Each structure stands twice: as structure tokens, then as C-alpha cells.
Amino acid sequence: MITKRLKYGALLLAAFVFHIFVVDYISFWILVFLLMLPLVSLFITVLAMNGVTAELIIKKASIQKNESLPIHLKICNKYLLLACRCRVTLTIRNELLQQEQERLFFITAGHSKETVEQVISSKYCGMLRCSIAELRIYDALGLFSFRKNIDSSYFVAVLPSVYPLMAISSAVLQDIDNNITSRTMKGNDPSEIMDVREYRDGDRLARIHWKLSDKYEQLMVKDFCDPISNDVLLLFDLNSNSDEKISGLLDAVYSISDFLIKNQIVYEIQWYDSVHERTVLTNIAQNNDLQLAFEAIMTNCRHQKQSWVLKNCSNGYGHKPYSVVLYLCSEITSNSIDLIHKRLAGSRINILLVADATGTRTDVTNVDVKNIRESMSKLVI
């Protein structure tokens, strides 16, 4: 734009000098034309700006790591004869890792819709926020530009990888099988149905008993029993500033979670919400619960300098102790190990250290983040 302004200034100066030395109607009208041209261009651009629209179109809500995701950017001008040049700034931000990249597009906004396709991918998991950060409209001469605010953004979840685990130890299975449920308190244990009743506003659709609903011609809902003893607690701390370690740790958490669901083990997952500065405890019984939990994790989790989850965890939450506790982190000290055994006393505790290389500690299970698939395949919880 600066170059074009300098060129216009030089041309205007030349026309002014020409008019001084050649005093006639031609030199006069040339000077007037050059003086009026920016005003006309400015007027047309202001009119066109009101008709310019831009939007993002993304057809997928979630992808896997390194999977290609096509993004369509559509721009249009509703005025037929007022085409203008536009610069669109597209931002792609990973909310988990706090990384952002920008892409610039120069498009002519005409009456017919112009579509630009871009393909993005991410080598790390996280919640990607794709949005139009800026739409700048230029006049035909390139002398003026105006910014127009556009509210068009999408969130795309880049899910962690799922690695197969070896097995569940017989000792853990025995601990889980020894749990009992309450027949008087309603809860979230889908393995035990306490009652079936009519549907009320706020009931989850997943709890509708479809066969009885069809029989009685009205929606019937299942009430589950409340577990007196919780089965499994899965908690983790993102106490690393390495993108690879954070992504690898969430891969391990997601793989273990998927393994527990496939083995029909209801569990709770605990994590630290860095955005709202609170510890979150979520019950996981099915894949939908896991996906919703991880969307929240990848949106609100950040790198932590301290092990906030470990410092805020406690055993049982008013019930009997957890049978099995799985704690995942990237850095751990002897004091942290003593703390988790103190706070979660009475539970079978497994500590998984997701780090660069295998260590020599015998009280933790090492998961090599550079060979995570092989490490997870040998893992027995």
C-alpha cells in the first residue's frame, strides 16, 4: 500500500508540474481527474464494504493427529458492480499448547462467491480454534484500507492416539469386582439399574429405556445405583513444558481410558482446569463421556509448573477408597510419590511417568514418549 501511495503521489506531482508549464484545459482536467480519482475510489470502497461477507466452512468436528482437514473460506459481495480487493487473515490456534499460526489470503470479493480451500493438520493433540482474525478491504487504487469485523470461527478437536494395552492384572480385577453398589441411593453405575420411571426434563437421553418406552408409549428413564466404593480413579498432571510430552501424556491417558471402557469398567477422571483454576472430576461410563471430557480437557488445560491435581486429590469423596488409582505425569519427585500414597491411602496406586527415556525408579512405571506405542503395548494396569 505504501508503494502505491508513493506512485500516486509521484503521478499527482507530475500532473501538477505539467499544469504549471502547460496552462490549458487538458492539463487542468488531468490534474482534476487525478485529484478526484481517490475520492471516487474511496466512495466505492465504503459502499462495497457493507456488502462484503466472509465465512469459514469446516465439515469435521474432530480429527486424528496428522490427519488432513480441509478448510473452505468463502467470500462474497452482495453488490453486483462493486467488486473490491480483500485480505483475509486466518488464524489456527491450539488452545492446549497455546500455539498459533496465521495464513494470509488475497481475494477479489465479487458478486459470485469466491472459495479458497486450505488443508491443515496437527502433529499434536489439542483443540484447534480456526477463525477469521481480520478482513481488510482495499480500494481499487490501493490507497485506502478498512477493517471489517467477521465473527466466524470453528473448534476442531485433534484427538489423542489410541495405543493398545496388554492387559488388566488379576489383582486389579479382584479389587474392582469386590465393589458393591447402594440400592437406596441413585447414582451413575450403569451396570446396576435401581428403578425405571417416567421421563422428566433434564434427564439424559442415554438413560432412556427404549423398549419400555415403546411398550408404554411414553418415555421411560433408567435410574442407576450409586457405587458405595469407586472402582478406578484416573488422574494426571501436565507438568511439562514440552509439546511432545504433553501430547504423549494425553495419548497415554486416552489409551488407558479407551481400554477401561472396552473392558466395561466405569471410572472417574480428574484433571486441573487451568482456565477456571479448579480441579474437575468426571465420571466416565461410555465413549461419549470420554469424548466430551477430552474436549473440555484440551480446551481448558494448560502447561503446569506444579502438580495441581496431585495436591488437590483425596480418596473416596465421602465413599470408600478407590480400588485402583492411576496417576500420570511427566515429572515426579520422591515427595510427590509420598504425597499420592498419603492422600490416596488404601488404594492400589500405579504411577506412570511419561518422559523421554526409561528411568531407574522401581516405584513408577516408565512410558517412553519417543516410543510410546511400544511402551503402552507392554503396559499392564
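Me: Helices here are DSSP runs of H or I with at least four residues, strands are runs of E with at least two, and both are numbered from the N terminus. How many of each does the protein have?

Reply: Counted that way, the protein has nine helices and 18 strands. Bear in mind that this is a predicted model, where local features need pLDDT of at least 70 and side-chain atom pairs count only at pLDDT 80 or more, while totals for chains, interfaces and linings use all residues. Residues are numbered from 1 along each chain as its sequence is written, and side-chain values use heavy atoms, with hydrogens and water left out.

Me: What makes strand β16 "largely enclosed"?

Reply: Start with the cut-offs: buried is under 20% relative accessible area, exposed is over 50%, and partly exposed is in between (1.4 Å probe, protein chains only). Six of the six residues in β16 (residues 324-329) are buried, so the rest of the structure largely encloses this strand. Both faces are covered: Val-324, Leu-326 and Leu-328 are buried on one side, and Val-325, Tyr-327 and Cys-329 on the other. Across the protein, buried residues make up 46% of the 381 residues.

Me: How do you know that β16 pairs with β13 and with β17?

Reply: Two strands pair if DSSP finds at least two bridges between them. Five bridges join β13 (residues 232-236) to β16, and six join β16 to β17 (residues 348-355). Both counts pass the bar, so both pairs qualify. Strands β13 and β16 run parallel, and so do β16 and β17. To find your place, look for Leu-234 bridged to Leu-326 in β16, and Leu-328 bridged to Leu-352 in β17.

Me: Why is a group of residues called a nonpolar core, and which residues have the most contacts inside the largest one?

Reply: A nonpolar core is a set of buried Ala, Val, Leu, Ile, Met, Phe, Trp, Tyr and Cys residues, joined through side-chain atoms within 4.5 Å. The largest such set has 46 residues, and Phe-236, Ile-256, Tyr-267, Ile-269, Leu-328 and Met-376 have the most contacts inside it. Helix α5 (residues 243-262) gives the most to this core, with ten residues. There's also a second, separate core of 29 residues, including Ile-58, Ile-107, Leu-128 and Ile-137. As a general point, nonpolar side chains tend to be buried together in soluble globular proteins.

Me: What is Ile-269 in contact with, setting aside neighbours within four places in sequence?

Reply: Contact means heavy atoms within 4.5 Å. On that rule, the partners of Ile-269 include Leu-234, Phe-236, Val-253, Val-280 and Phe-294. For the protein overall, 70% of the contacts with a separation of 6 or more are between residues 24 or more positions apart.

Me: What makes Asp-258 and Lys-262 a salt bridge?

Reply: The term asks for a side-chain nitrogen of Lys or Arg within 4 Å of a carboxyl oxygen of Asp or Glu. For Asp-258 and Lys-262, the closest N and O atoms are 3.1 Å apart, so the pair makes the cut. Being four residues apart in helix α5, they are separated by about one helical turn. Asp-258 counts as buried because its relative accessibility is 12%, whereas Lys-262, at 64%, is exposed.

Me: Why is Asp-273 called buried and its salt-bridge partner Arg-278 partly exposed?

Reply: Asp-273 has a relative accessibility of 1%, so it counts as buried, while Arg-278 has 48%, which makes it partly exposed. Their N to O distance is 3.6 Å. Elsewhere, salt bridges with shared partners join Arg-87, Glu-134, Arg-136 and Arg-147 into one network. A search of the whole structure finds 13 salt bridges.

Me: What makes Leu-35, Met-36, Leu-39, Val-40, Phe-43, Ile-44 and Leu-47 a patch?

Reply: Patches take residues with over 30% relative accessible area and no salt bridge, joining like charges within 9 Å and nonpolar side chains (Val, Leu, Ile, Met, Phe, Trp, Tyr) within 5 Å. Met-36, for one, has 43% and is partly exposed, so it clears the area bar. This residue lies in helix α2 (residues 25-51). Together, the seven named residues have about 630 Å² of accessible area (Shrake-Rupley method, 1.4 Å probe, only the protein chains shown counting as cover for residues).
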